Amino acid sequence: MTRATLVRANLRRRLRRTILTVLGLATALFLFVTLRTFLHTLQTVGDVGSESRLVVSNKLGIVFPLPMSYRARLASQEGVHTVGYASWFGGIYQDPRNFFANFGVDEDYLALYPEIVVSDEHRAAFMADRTGALVGVRLMERFGWTVGQTITLQGTIYPGEHQFTIRGVYEAGRRGFDESSFFFHHRYLDEIMRAQMGEAGFVGWYVLGVSDPDRAPQIAQAIDATYENSASPTRSQTEKAFNLAFVGMYGNIGFFLNAIGMAVVFAILMVSANTMAMSARERFGEIAVLKTLGFTDGAVLRLVVAESLVIVGLGLALGLGGALLLFNLVQFDFGGFVPGLAVTPRVALIAVAIALLIAAVSAAVPAWQSARLKVVDALRYVA
Amino acid sequence: MALVEVQGVSKVYHRDTVAVPVLENLDLTIEQGEFLALMGPSGSGKTTLLNLLAGLDTPTSGSIRVAGEEISKMKPKQLAAWRARHVGFIFQLYNLIPVLTALQNVELPLLLTPLKKKERREHAETALRIVGLGDRMHHYPRQLSGGQEQRVGIARAIVTDPTLILADEPTGDLDSRSAEEILELLERLNREFHKTIVMVTHDPHAAERAGRTLHLEKGALLEARGARPAPAGGAQ
């Protein structure tokens, strides 16, 4: 028999209540970690964007194309060393639920992204094949594809079944960069456009490599001024700003997720504090007996705090552990727009801090009441 | 040799703005190895006196010395340590911890001693054998009769080999047969183990087992019956 035996015995006293409290805490902490992780992931979308790349899109919105003819003029813009372009294809693989990002891109586009790491052999094979595709490693794993396999995508913007041959696999050269996209040659997309609409010569957006990131705002301003009165005015911004604007669409969602997370934690804090207070109140008589035997106020306080810590510790282990396991085992995929979810050490530490706060607040009142209760008064609870 | 010396002790409780005197200028001496019964009507101050002797409460005025130590001036933390070392308390309603076995209940006070785990267990087993519950060590309180529960309570009170055993109506919740067994056990602890026992009781039959009986009424000791001599060898 040790003091730990006493703590364990007290926790088993109302086993169902202890289990429900632990599960409540675990659920709350799991939700909190999940929401924070999702928010953090959204925020990192901006971080993976580069300051040395400009994205030029149609001022009316990214769904409106820009003429291919802009390319030469953009390339001649002072401070721009490379111009690449891409177009959203919107192809579906077998089922609309199998969503992933698929783009037609030109050679320079890939050159602008050193984060897209691909072997020379795969790069050469991709470049040599008109219908070739370069696919992210996570997308390959998701569908169990192999290099050389022919993939059929059903067009949504460009109706019909379009075939691609996987010629290369890329990995992210930077943490947080997406590994779930499907790139193919823009010239193949041009063929499809011509076949279906009788014309080509449009791109979704341009990506510009700038020599001096500090001058990127001026370059963007100059480009937009150039096309201000054209049929397709532009909006130019750094890739980082472009990504943040994308995340900005989730601005309110972020606020609500945060609010929900805090509300859940606050609610469970109240529930846990009430449970601990009830548990201590029920045992004032026993606490009086312990004090009669010679247990000091401090010793009683430590017992109450220990019980609270065990309950919260179990809740934390289940909640945080569950989230860690889930996000490590299950590779959540947002179609390449958002990097996969992963619980960061910072989020885990916040969860631990919240758990400690819950333990402290839950134990504070009953511990204080128990410790301050006079033995003679406390013994009256016995009967 | 006097083990307990109570001199000029008064205790006044305050109920809102009203002062309620419970003990008034009380003097009492208890010899080592004595078995003393405290009787008196409800509200006479018996339990208050017992609580003062146990160091559970402090007197409003006066002094209490136990085994040479002035306990009436001790701070709460000192009193708690002193109780752990010197007092074994037996409650009327046993007050065992329901989620602990008999053995664990008896081991409880030993958590406050420097004894090792194995030694604590051995001491608790010995105490339970002394009270005749060697075969009920792993039973929970709910699996024991009232008399057996009180025996566990007595084992818990003696396991630390305290200077003083204080019993607050130890037979008050028991049937006559169980009460008789408990009284015999207390008598045996006094006679064979030379334990100094102070027992509060309403029952004159129980008080007859004690060597000396004191009557409390309205906070004052009114009558003292002749003491049976303390067993030779003294307590401890």
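In the next few minutes I will go through chain B and the side of it that touches chain A.

Please keep in mind that this is a predicted model, in which local features need a pLDDT of at least 70 and side-chain atom pairs count only at pLDDT 80 or more, while totals for chains, interfaces and linings use all residues. Residues are numbered from 1 along each chain as its sequence is written, and chains are lettered from A and ligands numbered from 1 in the order in which they are written.

On confidence, pLDDT being the predictor's confidence in each residue, from 0 to 100, chain B has an average of 90, with 94% of its residues scoring at least 70. Helix 3 (residues 102-107) of chain B has the highest mean, 97, whereas strand 10 (residues 220-224) of chain B has the lowest, 69; helices here are DSSP runs of H or I with at least four residues, and strands are runs of E with at least two, numbered from the N terminus. Over residues 226-236 of chain B, pLDDT stays under 50.

As for the fold, chain B has seven helices and 10 strands, and 53% of its 236 residues count as buried, that is, with 20 or more other C-beta atoms, placed from the backbone, within 10 Å of their own.

Turning to the interface, 23 residues of chain B are in contact with 21 residues of chain A, contact meaning C-beta atoms, placed from the backbone, within 7 Å. Helix 2 (76-86), helix 3 and helix 4 (117-130) of chain B each supply at least two residues of that side, and the largest share, six residues, comes from helix 2 of chain B. For the complex, the predictor gives an ipTM of 0.89 and a pTM of 0.69.

Terms used
Buried ≥ 20, exposed ≤ 12 C-beta atoms within 10 Å, placed from the backbone. Contact = placed C-beta atoms within 7 Å.
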